[in-house]
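Here are a few short exercises to work through with the model open. Try each one yourself before reading its solution.

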Amino acid sequence: MDKISKLRRFIEKKPEDPFPRYGLAMEYKRLERNAEAIEAFGDLLERFPDYTAAYYHYAGTLVRAGRQEEALQTYRRGMEVADANGDAHAKEELEAAMNEIADE
């Protein structure tokens with residue numbers, strides 16, 4: 001069984017656990033299957049909006065897909081979530097990445 005199939009099975013077994021959904025999105029991203037990665041990240045953040053780590057990678061995938069405006073919005077939302085969660089490091093990373101594409 002391939003990694004994507006395994007992750008899908010984990011999601012079915014534990015739908016309340018965000019980590020397998022994150023793993024699935026990251027695997028699609030790694031394989032450069034942008035549309036599927038975007039869908040998986042969107043699903044993850046719809047279900048688990050406080051999953052801070054996903055915002056950075058979701059926005060990066062949006063950039064790679066040529067969807068800069070959506071990426072900027074995702075970075076901003078991620079910074080809000082990181083701030084609310086007291087995660088200053090994540091907020092700084094999101095802000096730096098956002099500023100890189102905003103300057104282009």
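A quick definition to start: a residue is buried under 20% relative accessible area, exposed over 50%, and partly exposed in between. Keep in mind that this is a predicted model.

**Exercise 1.** Work out whether Phe19 counts as buried or exposed.

*Solution.* Start by finding Phe19: it sits in helix H2, which covers residues 18-30. Next, take its relative accessibility, which is 53%. The cut-off for exposed is over 50%, so Phe19 counts as exposed. While you're there, look across to Ala54: the two residues are 35 apart along the chain, and their C-alpha atoms are separated by 10.0 Å.

**Exercise 2.** Find the residues that gather in a patch of negative charge on the surface, then classify Glu95 by its accessibility.

*Solution.* The patch brings together Asp87, Glu92, Glu93 and Glu95. Now zoom in on Glu95, which belongs to helix H6 (residues 88-102). Its relative accessibility is 38%. Since that value lies between the 20% and 50% cut-offs, Glu95 counts as partly exposed.

**Exercise 3.** Describe the make-up of the chain and decide how its radius of gyration compares with the globule rule.

*Solution.* First, count elements: there are six helices and zero strands. In order from the N terminus, that reads α-α-α-α-α-α. The radius of gyration is 14 Å, close to the 13 Å from the globule rule for 104 residues, so the chain is as compact as a globular protein of that length. Along the principal axes, the C-alpha atoms fill a box of roughly 45 × 30 × 20 Å. Finally, check burial: 40% of the 104 residues are buried.

Notes
Residues are numbered from 1 along each chain as its sequence is written. This is a predicted model: local features need pLDDT of at least 70, side-chain atom pairs count only at pLDDT 80 or more; totals for chains, interfaces and linings use all residues. Side-chain values use heavy atoms; hydrogens and water are left out. Patches are made of residues with over 30% relative accessible area and no salt bridge: like charges are joined within 9 Å, nonpolar side chains (Val, Leu, Ile, Met, Phe, Trp, Tyr) within 5 Å. Accessible areas come from the Shrake-Rupley method with a 1.4 Å probe; for residues, only the protein chains shown count as cover. A salt bridge is a side-chain nitrogen of Lys or Arg within 4 Å of a carboxyl oxygen of Asp or Glu. Lys and Arg count as positive and Asp and Glu as negative; His and the chain ends are not counted. The place of a charge is taken as NZ of Lys, CZ of Arg, CG of Asp or CD of Glu. Helices (H or I, at least four residues) and strands (E, at least two) are DSSP runs, numbered from the N terminus. Buried means under 20% relative accessible area, exposed over 50%, partly exposed in between (1.4 Å probe, protein chains only). The radius of gyration is taken over C-alpha atoms; the globule rule is 2.2 Å times the number of residues to the power 0.38.
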